[in-house]
Every structure is written in structure tokens, then in C-alpha cells.
Number of protein chains: 4
Amino acid sequence: MTKKKIGLLIIGINGAIGTTVTAGVKAINSNYVEPIGLVTEIFEFKKLDFVNLKDLVIGGWDIIEKPHMECMKSHNIIPETLYNKLVSDGMDVTVYKAPRAGITIHNLNVDGVHKDKKSITISEAIKSITDDINDFVSKNNLDGCVVGNLSSCEPLPENCEIFNSIEVFEKAIENNDSRIKASVVYAYAAIKNHAPFFNFTPNYTIDIPAIKELAIREKISIAGNDGKTGQTLYKTVIAPMLKWRNLKLFGWYSTNILGNNDGRVLEDPSHKEAKIKSKSKVLDKILGYSDFYHRVDINYYPPRGDAKEAWDTVDFKGWLGKEMCMKINWIGEDSTLAAPLIVDITRLLWYTQKKGDYGVAKHLSSFFKDPSENDDYSFGNQVQMLLNYLSN
Amino acid sequence: MTKKKIGLLIIGINGAIGTTVTAGVKAINSNYVEPIGLVTEIFEFKKLDFVNLKDLVIGGWDIIEKPHMECMKSHNIIPETLYNKLVSDGMDVTVYKAPRAGITIHNLNVDGVHKDKKSITISEAIKSITDDINDFVSKNNLDGCVVGNLSSCEPLPENCEIFNSIEVFEKAIENNDSRIKASVVYAYAAIKNHAPFFNFTPNYTIDIPAIKELAIREKISIAGNDGKTGQTLYKTVIAPMLKWRNLKLFGWYSTNILGNNDGRVLEDPSHKEAKIKSKSKVLDKILGYSDFYHRVDINYYPPRGDAKEAWDTVDFKGWLGKEMCMKINWIGEDSTLAAPLIVDITRLLWYTQKKGDYGVAKHLSSFFKDPSENDDYSFGNQVQMLLNYLSN
Amino acid sequence: MTKKKIGLLIIGINGAIGTTVTAGVKAINSNYVEPIGLVTEIFEFKKLDFVNLKDLVIGGWDIIEKPHMECMKSHNIIPETLYNKLVSDGMDVTVYKAPRAGITIHNLNVDGVHKDKKSITISEAIKSITDDINDFVSKNNLDGCVVGNLSSCEPLPENCEIFNSIEVFEKAIENNDSRIKASVVYAYAAIKNHAPFFNFTPNYTIDIPAIKELAIREKISIAGNDGKTGQTLYKTVIAPMLKWRNLKLFGWYSTNILGNNDGRVLEDPSHKEAKIKSKSKVLDKILGYSDFYHRVDINYYPPRGDAKEAWDTVDFKGWLGKEMCMKINWIGEDSTLAAPLIVDITRLLWYTQKKGDYGVAKHLSSFFKDPSENDDYSFGNQVQMLLNYLSN
Amino acid sequence: MTKKKIGLLIIGINGAIGTTVTAGVKAINSNYVEPIGLVTEIFEFKKLDFVNLKDLVIGGWDIIEKPHMECMKSHNIIPETLYNKLVSDGMDVTVYKAPRAGITIHNLNVDGVHKDKKSITISEAIKSITDDINDFVSKNNLDGCVVGNLSSCEPLPENCEIFNSIEVFEKAIENNDSRIKASVVYAYAAIKNHAPFFNFTPNYTIDIPAIKELAIREKISIAGNDGKTGQTLYKTVIAPMLKWRNLKLFGWYSTNILGNNDGRVLEDPSHKEAKIKSKSKVLDKILGYSDFYHRVDINYYPPRGDAKEAWDTVDFKGWLGKEMCMKINWIGEDSTLAAPLIVDITRLLWYTQKKGDYGVAKHLSSFFKDPSENDDYSFGNQVQMLLNYLSN
């Protein structure tokens, strides 16, 4: 008899999104809230055989050693009354200590980062991750598990020769090469352990040739990069509207203000650059031209907390060259928008794996700002790809 | 040898949109401006055999007898320098006197309405329109022509028995029944003369059973209703975004301010009602539920002139029931957005007719707020329908 | 020995603002919250001898018979945790049954309106209000009390001869004249009982000649009309900015959406008219000209709850006639903005009375949309009037 | 007989603001446009004896050698038809070559900067400026002239010992000290030649002790710094509103986008810093506290041209600590807002000088972002200061 339960192991589970995922799934399973925001619960998908939410066991890794429920409280996202109910229900989540080899910790004064600073090699880290996955699957009697990356954005070296093939990459692992960042270590370990892997951060983890090669060799589904939750989401529906009315964009200015940890990390210009880069190209790709001025700013604004406010001015020309304008003010909750997508991607990646597909799951493009192996950035078209995949 | 030229006869050609159409086509043909805003000029459509803009002869009817170029000037939409060029190039447009039978003129103090108030019967009006069409085709040596309705919004009686079949409708014509409004008279005359017909106003002209029956019997293509140019356009891309993220809409408040004649007419509650009605149902249809509060207001605000400003607040819930918000401020030019669509619909309707299709051209849904015989209000899906039609 | 304590009797104390006043004062006195929003707590006023918040006893009248704390809960304004604390502290408020003579109850299906519908005369109502005031003062051992009107907006007859002098007005009372609305009955009874009176609604209660005459005869301070809390507040700081830069306003469009009871009442056009009227003239008065288009819309939008969102577009011209624009989006909490002002007006009116002044307290103009006997609508100037008064 | 005419010599007269000043004054004098935007034309000031606009002769200096009317055209601010009228009227403006000693030219590829790069000393530059002033006054038969600085923002050294007194400053001039920037050289030369001087840029020219000392010794009126035209203008009316309602500001995020030369210069972080600094302190000073998060961003956005768009979110707390928000979107024309103020300051500075006052003209504070010797940043209070001064 097959086991029905599957696992989701989140890298960075004690963060704002991670704790919002665990709280939300628990709250839905306890009938405290409706499953709003979950794409896989839409009417059109009801007939599909996705993993039942009650059969999804969530755990993960973190560098923060404070108890998961304490971290949840500190992010100040879960409403107080719901949080209290979850605590009194005895909610608890398995959090493995994140191995520190090859892991750049951004220069933050983060309270509670575990003090176990003795350096381990990348190989030892892979061993440690492997042990955690096996432990989690076996203790929870799971059919398997999905690994998802929600850790803070880390700058990845581009066109780096050590990533060009599994062969050179595995040699670099042996050499404990410092260019191998944390997300890549996890991706490698996950795939080797036959766990579908997705990357929800702006790193190009999924696009590393060695990782793709490994996924295909091991017949594992992977997905990424960079969750599409707010400003880029609406950009990818507004831009197709301009395109199919032949309205000529000549300027799009986007400012973002956010007050959470993600905002603090993005104050660091090198992290900001990766983020802005992954946000920028969507317009060119959708519109088919690039002779417009596109600027994306991200600013840390503590009063906003976990909410992520955006303001855009979209300047375009129409008939007779007349200039017109659309201005958008988005007041979203960052983690609230991201959390259900984590569950959706997990369910869909598992569904894909069970169906026998592997490599980059392009039909999951609609969930990502910069979908791997897909140049169609229109949200509508991406959703159509998913619908087509699921209807076959 | 077939004639290459075709005609477009616009009902209300001296109005803001009508004059913007004629000025724009002339300006493009004179290489004064780029064909921005014309969907049929998009890269993807280049290979298709649409009527060349230089082969499109535009004329029409109006109740305003002032010369067309004077009307153009009075709308204050065409930039002064361009207008002067067009005048010095000797631009002129054939405008037939609109027959007044069965035509409700809204209670405006419109200057220049022709004084020829002797009442004629509907049958006489049909005869007059027929003569005008034939005159236009013959004088301009055309292969045929398309008729498009841009007149001011008129309240149409719903579920009116005289519209139920051609038979009863033609009897009503004979009886000079006052429930037959102007747009229906034109539609009837156009189809009888084998001219494809489209309705760009909020009237349900195209949905009258007798008109549809006639179009099928005469093998003529028709399209409508109500051009989708501004607020409804972006509603039909934002709403699918909410749907496919399973974000629960609970309120959408839309206000519109506009200062042109359309705004003045809409001050009259009965006209406003038809307009608001055609704007309202799009959300329910796209989202698949209606338990949200949707309110659309339209207000006359003379300082805005022909520009049409809209402000929306879109209130939705996500994961854990958290409330979020998107606010949109659209500053568009009403006639500037509408004008190129008139040319697009003409080209596409003629293309459809030549292809041998007839009845309601559902593949033109993306151009209309309330597309006839199509319940899919998502702009993205409507565009896909057009692409599919054109690729066959 | 003088008693230090004074009373505040609120007409409509079970409403949204009334319950927010009582909750807030109690919460401040219990040190649960800071006195934010209270003008009389500003640094500049610290040295003045205003009534201590702990010496302010609040009670009132209402047509709703549900217990005050239940009403407070139903308005959904006080945060749940604070509300629970107040309840467990045993908070209670004296609410007298509002007499029904001369009282227009708007046509709402308001739950819990007391069923004691036997008609009483206006004279009997005055007697009843008098008894309540005396009872409240005596039971709470007060030095005196202030009466404030927070009831729903009622349409007052203008230029009505029965209001022209005390003499004719008192005859109209004897005749039980139905043109005498509730707020006027309360104002009359309050002043006769030597209680300073203020009107926070859009009625022109304070401007009735008979009421003013009475206040002067009885040497009582009065203030009104219509609390200035949101859109009009910022209008009266933006308009002076335009004036003193000589920027020529040519259009100001204001839309308001609100979801509370006030919003429901304003759906009734006659109530709406009074409100819009009191909002409209501020611009003309401040700018000194009126050749601009000013439109104020108020719409009921239930998703907004007690919050009151406003959106304005302010169109003005500068040097060379160039057109520019300022757009404002205000997301305020209606009752939260109003409640502290009720306390401020009470303290300041009592201070004025003690100082020996009476009649219309013009120095309180900054609190009102349409201040009685003051044509200077600039908020800055109004504040200056208050500062000058208090520094003498 | 006294001469009635006076002069205005603008440093940077070929720039966007300079050319808008000259075009506007000429257009008003030719009755082409109304004097909108001129504070000194407000009704309240009609009786005062300001210099007649026809008696104001405008000239200036610039590093750009292109003819003034060509520069005007290139800024693309004056409407084409008006520009053509001015040219055909033979409009011309005297532009002296700006001496280059002590003048930091920002690193722009500015076309047309005069090639006369031979270095001159500061003393020679002062001599050259003196000659220009005398030439202008004599050729135009003027009663005197005012000098105003509109040049691009230059970073001034703070607390620099060479500025501490006239004595050390004049020694530094002799030593040709490179810390003496252009605006200071002009200020020194103007005052020595008995020309009232104002600084409209973010430099602290007016606050240099040596300059103030000189102005007092020479009995000359001076005014500055940094013209208040847009975002800071409305900040200084919104912040007093919050203060006098005791609404607690906890965050104010301001973004500015502009596409003109000023925007390009501000891309350089050192220039940006001076500008942002002069914009930042207004809130603290008005509110009397600084425990809020205030962030001002300025970004170059070419599609906006000379227009300067700003977006602000103003986050504040009220009664019970409830959070509320005001969002502002300002679409102004930078030079159009600044130009009339240049004329106003000139008239008022001359008026002050004639009245016999000298040193910093504090009553002109309302025109400046960072008024010298005045800590009251409230626009309303600043206007009151002006009214008081003028009514004496």
C-alpha cells in the first residue's frame, strides 16, 4: 500500500514566509480559516488529484535557532488570536539546524543565529542535509518530499565555469569551492535524494547547468526562480494589455517600500541588484521592444512592516502619439501573498513528478518572476500553459 | 479585376471619436504620425492580408451639419499643428445628413443640429441610408463597405417583442414603431445592403434577435457591443489575475470623471444606467462569483475635457483572510483610445466577411465591453480567441 | 469647595463615534493607550487648566436601547483585545432613553430602536431631557455638564420663520411644530439648563437665530457645525497653499467612500445634500473666487467599514497658464478621527464658559467644517484664532 | 527725478527656470497670458508699491553660450505657439559670459558651454561680475538691480573656516582658495555692488557668516535658500495639519521623479545629498519630534521631462493608536512653479531694500525650503510673517 503523506522541507522555515506557510496550513486544516489564496483550490482544479492539505507534513532548516513558534510571533504577521489558538493546539514544526558550509550569511545583526560556527566542508553539509531529509521522511512515514528554498537572497556568480557540468561541479564540491552558495548545496542534496526542488528566491539556482543536468539524470522535477507575488505579478498582466492594444510604452517607474527583513537585506546594494535584475526584463520580453525607460527602486521603510507597498507610473502613447498614463498603488502583504504559492508549487511539483515528468517544470512559470526555460512572461499565457498541462 | 478599396461609414462621424478616426488615418497616410494604437499593425499581424490604410475610404452620417473639419477643431483633441497641416492638405470627409426618423436625440443643447425636422417614417429612413451607402460605394469605386455605430448612447427597450424575429420587426418598421431606435435602423439598413456592421456604443443593437437573424440570412458579419477602451479594459486583465491567484475580491469601487460630450450625456440617469450596466457584469463573469460589492460611478467633470480619468480601489483577501488593496488611477484620452479600434474592427470585420464567415464575429470580443455571444470577459482569453481565428 | 468633575452628555452615544469616545477616554485613563489625537494634549497647551480626563464623566442619550458595550462591539472599531479589557474592567456608561417627540428617525432598519413609540409633545421631550441632565449632574456630583450632538444628519428647514426669535420659537414649541427637529430640542433644553452645547453634525442647529439668542441671554457657550475630520480638513490646508502661491484652481473633484451607518444614511439624497453643502463652500471662501468646477461625491461602500477613504484630484494652473495636478488618497478612520475632537471641544467649551465668554465660540472654528459666525475657512488661520484666544 | 526701472540679473539665465522667467514676464507684458502664479499679484497685495512688471529688466550670466532664445526652445517648456510669438516680437535678453574662476562645473556633457577655459582668479571673476552689473544698470538706465542664483546645485563645504568672517574670507579670495564656489563669488560681488541677492538653489550661500556680515555692513537685503516649489511646499502645509490635530506621524516616504537637467545633476550622489538634506528637516521642525521614519528619494526619469512628479505616503496614528494614511501624487512643472517666485522674490527684496531693511529678509521664508534664520517651517506661519511685514 502506498503512503499518502508527503513532506515539504523549507530552507529558511523560521522566516516570515516560512512561518506564514506553516501557520496557514495548520489553520486551514483546523478549519480556522478558508484556503483563500491557494491556486490549487480553485474550482477548475477541484477534480485533480493533488496532495490533500492534511497529508502535507511541513518541516525545514534554518540558521535561526529560536523555536519556530517564537519566530512566527516575532514576524508579527499571524493575527494574535489565531496565533494563540495555534499555540494552545500545541502546534510544533521540525526545524533542522542549517549547515553552515558554503553559506554566506548576509551581514545582518540577526538575533538567534546558531553559534555552532565550526566550519564544515560542503561535502559534510550535503551529508547533513541528506540525513535530515531521510530522517524527516522516515519519522513521518512519508511517500517522499519536496524541498523549497525561501532563504534570503544571495548573490550568485554568473557564467561560472564550476557550474558548467555535473562533473566539474562535483569536483568543486570536493575542493570546497567558496563560489558554491547555500541554495546550490541544498538543490544538489535534494535532487540526489530524489526530492523535487524549487527556488522561490531571486538566485539563479535552478538555471545552473550542473543542477539541470543532475535533475534530468535523476529524473527529478525542479522549478524556479523568484516567486511572483506583487509588483511583477501585475506588471505581467498590464504589459500584455498594452501590447495587445499596441499602446507604446515609453516609461515605467516602479518604487517599492517594505519594512521586513527582506527589505533590510535589500538595502545591501549587491542583494538589491539581483532582485532588481530579475524584476526588470519582464517588460522587454512581453512587449517585444525595449526603447522605453524602466526603473525599479526598492527601499526599506520600516513603518510598512511585512506589507509591501508599490507605486508605479506607466507612461504610454496611443493614436496620434498622445501621451497617457496609468498609476498603480499596490498595498500587499509580502508573506501573505507568497505563502500559499509555496503550497501550490509543492503540490504541483509532486503531481508533475508522479506523472513522470522531470527537469524544469515550465508549466509552473506563472509562479515565478523569472521562470526557467520560458521566455513568455505574460501571466495570462503562463496560466494557460498550466491549464493545458493539467488538462492532459 | 477586383477593386481593392473599401469604405467605412461611421454613424456619428462628426463626434469626438469620429473626427479622431478620420484625422488619424489621414495623418498616418501622410506619414505625419506612426500607427500607434492600431492592433492590426502589431508585428504578429504583419503577414495578414488586412485592407491597406490607404485603401480605406472613410465617410459617415451625422445630425450635426457643421463641416467635418470644423467639428474636428471644436472637439479640441487633434493637436493644433497637426490639425493645421490636415486643413492645408485640403482634407475633407463626406458626411451624409442623418435621417431623423426613429431617432431619439438626447435633450442636449447641441449647436448645429440640422434643422430639417420634418418627420420621415422609418421606411423612408432606411431608404435614405440605403441611398447613402450606394452613393458612397459607387462614387469611391469601392469593393464594399463596413458600417459602424459611434452615436451617443440611447436607451434600448429590453425583451421587446417587436425585436423577436425579422418578421415581427419588419412589421414594426411598416408601423413606424417608436421603440425602434436609430442604431437599429442603421443596422437593418446596413445588413440589407450587405455591409458588415458593428456597434461601438452601449446599446444592445447587435443582440436584437431580428438583427442577428437578418445577419445570418444575409451572410453578413456583425460585431459589438460597447468599445472597451479604459477602465473596463484594465478590469478585464486585473480580475483574471485575482482569479488565478485565488485572491478573493470583496469590493471594487470605480469612479470615472470625464468632461466631453459623452460625459454630458451620461449625466442623464437613463443613459448612465445603460453604460454602467454594460460595465458591471465583467467581474462576476471572470471571477465566477458575485459576493463582492461592485460600484461604478461616472461623473461629468468639465476640467478633464476629452480625457477620461478613472480611479479604482480593488479590495481583496488572501491567505489567512488578510485584506489587501490595489488602487489604480488611469488618465486616458477617451477618443484617442477608441479611434484606432474603429479602424481595427473595420479591417477585421472585412477580413472575416471575405473569409466567408457571418453572424456575430465572436473572435472580435476583445474590442468590446460586452461582447455578443461570448461569456468570457477576460481580455487575455479574448485576445487568444482572435489569435486562434487569425492563425487558421 | 468647588467640584472638579464635569459631565459630557452625548446625543447619540451608542453610535460609532459615541462609543469610540467612551472607549478611548476609559482606555487613556486606564493607561492602556496614549492620548494621541487629542489636540488639548499638545505640548503648547500643557500649561492650560483644562478639565483632567479623569474628571470627565461621559453619558448620553440614544434611540438604540441595546447596552452601550454591546453597541460598542457591534461598530467593530475598538480592537478586540482592548474591548475585552474594558469589559473585564466593568466599564459601563449611563445612557438615557432618547425622547421621541419632534425626532425624525431616518428610514433605516436599525435594530434595537426602543419600541416606546407613544408620541410625546416637544414640551414633554424638553422636560425629559432636563430631568436627565439634572439626574446626571446630581448622581455624579458634577460641577456642570456639556451637551454635544452626534446624532445622524437630519435635514433642517432653512429660513424658517419659527426660528427667528426665542419668542416665536417658544410658541412653536407649545404648538408642537413638526419643523422643530431633535437637535434643536436638545440644544434648547441644554442651554436652558446652562449646559454649553455643541453640534458636530451637518445640521445648522447652532445657526438658528432663536438658539443663538437664547445662548446669549443665558450666557452659555455654544459651538458648531459639522466636525472637520477628513477630506474637508485637508482641503482647508491645501486651498490656502494654492491661494498663497496664486495658483489658479480650475477643478476639484472629491469622492468619498465609507461603509458605516453614516454612509448608509447619506445614501438618502436629502441627507447627502446637507452634507455636501457643508463641504462645498470652503474652497470659494478660502480662494476668494468661484470660477472653478467643484464636485463632492459621497458613496456607500460597505467593504470600507468605518474607514473613510477619499480620493481627490485638484487641477490648477500656474505661470503661463500651465496645467498641473495634485491627487490625494486619504484612508482615515471616521470615528477615530472624530472621537478625540469631541473631548477637545468639551474641554475648550467648558474652559470658555468658565472664562466668562458666551454665545458662539468662534475660536473653536478649527474643529468644524462650517464654523458658525466665521468666514475664514483656512485651517491654519482657525488654529491661530484658537492659539490667540488661549494665550490671552 | 528717480528712475523707476530696476534690473534682475539671474545666474544661470539660460537654464530651464531662467528662460521660463524671461518668457513669462515678456508674455505677461505683451498681454499674451495672465500673471497666474505670481504671489505679488494677489488681490491682498494690489495696493502695495511693487515694481511694475514693465519696469523690470531681466538679464543674467550663463556658462552656456548658445543664444538665450535657442536655450529657451531647447528646454521644451514654453508652448510652441507662445515661443513663436515671442521670437517674432524680437524678444532678446542680455546674457553675460559667466566667469569660470572658482566655478565647479558638474561633470555633464552639456552642449554649448563656452570654450574660453583660460583660468582666471577669483579676484578677476569678481571684477568681471562687477563690470557686468555696472554695464547692465547703466545701459538700461536702472535705479539698481537684484541678483538671483539659479545655477545648478554645487556641494558647499560646511563649517569651513575661510567663511567665518569677512576678513578671513577676503584673504581667501586673494589666495584664490578653491573652496570658494561660484555662488559665493556672485553673492560677494553683488553685495559689494549694493545689489540685493537671493539664492534659489540648495547651497547654503546665504548662511555663510562672511556673506551675512557683508550684507549687514553694506546694508543690503539677502534671501535664501532653496526655492520651495513642490513636494516640500505641500509637506509644510500637511505637517502642520497633523501637528494641530495631534496625529502622530510615524513614517513619511517621498519619492520624486524628474527628467530635466536638474534630475540629471541629482543623479550625482553628492549633489543629491545637499538637496535631500534641505528637504529633510522640515518635518522635525514643524512637528516638534523626530521619532518617525522619513525618507526622500529623487530619481532621474527622462519620460517626465521638466515635469516633476512626486508620490508620498504619509503614515500616522490617531485615537487609540489607530494607523491611518494619506497618499499624495503631485504632478507639477518644475520650472513653471519656480519662475514666478523669482519675480516675486525680486520685487519683495527690492521693496525691503527700499524700506531700509537689510541682512536676511526673514519675511521671505515662505519662498524657501530652508529659510535662513527662521526655524518655523510651516508655510501658513511663513505667509503670516510676510503679511505682517507688508501691513506695517
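**Helix packing, symmetry and cavities in a predicted model**

In chain C, residues C:M69, C:E70, C:M72 and C:K73 of α2(C) touch C:Y83, C:L86 and C:V87 of α3(C), contact here meaning heavy atoms within 4.5 Å. Sorted by type, the residues of this contact come out as five nonpolar, no polar and two charged; Ala, Val, Leu, Ile, Met, Phe, Trp, Tyr, Cys and Pro count as nonpolar, Asp, Glu, Lys and Arg as charged, and the others, Gly among them, as polar. The model is predicted, so to speak of local features takes pLDDT of at least 70 and side-chain atom pairs count only at pLDDT 80 or more, while totals for chains, interfaces and linings use all residues. Residues are numbered from 1 along each chain as its sequence is written, chains are lettered from A and ligands numbered from 1 in the order written, and side-chain values use heavy atoms, with hydrogens and water left out.

As for geometry, helix α2 (residues 68–75) and helix α3 (residues 80–88) of chain C pack at an angle of about 175°, their axes 11 Å apart. That makes α2(C) roughly antiparallel to α3(C), a label given to angles over 145 degrees. Axes are lines fitted to C-alpha atoms over the stretch in contact, with angles from 0 to 180 degrees between N-to-C directions. Helices (H or I, at least four residues) and strands (E, at least two) are DSSP runs numbered from the N terminus.

In chain A, the loop between α2 (68–75) and α3 (80–88) holds A:N76, a residue other than glycine whose phi is positive, near 65°. A cis peptide bond with omega of about 0° links A:G224 to A:N225, and A:N225 sits in the loop between β6 (221–223) and α8 (231–243) of chain A. In chain D, a cis peptide bond joins D:G224 and D:N225, again with omega of about 0°.

Turning to symmetry, chain A lands on chain B after a rotation of 180° with 0.0 Å of shift along the axis, at an RMSD of 0.0 Å; the fit is by least squares on C-alpha atoms of residues with pLDDT of at least 70 in both copies. This is the relation of a two-fold axis. In chain A, the C-alpha nearest that axis belongs to A:I328, 2.3 Å away.

Then there are the cavities, sets of points on a 1 Å grid over the protein atoms alone where a 1.4 Å probe fits but cannot get out. The count is 14 cavities of 30 Å³ or more, and the largest holds about 170 Å³, volume being the space filled by probe spheres set on the points, which are joined across faces, edges and corners. The largest cavity is lined by 16 residues, lining meaning an atom within 4 Å of a point.

Terms used. 1 Å grid on protein atoms, 1.4 Å probe; cavity = no way out; pocket = protein on both sides within 12 Å on 5 of 7 lines; lining within 4 Å. Parallel < 35°, antiparallel > 145°, perpendicular 65-115°, else oblique.
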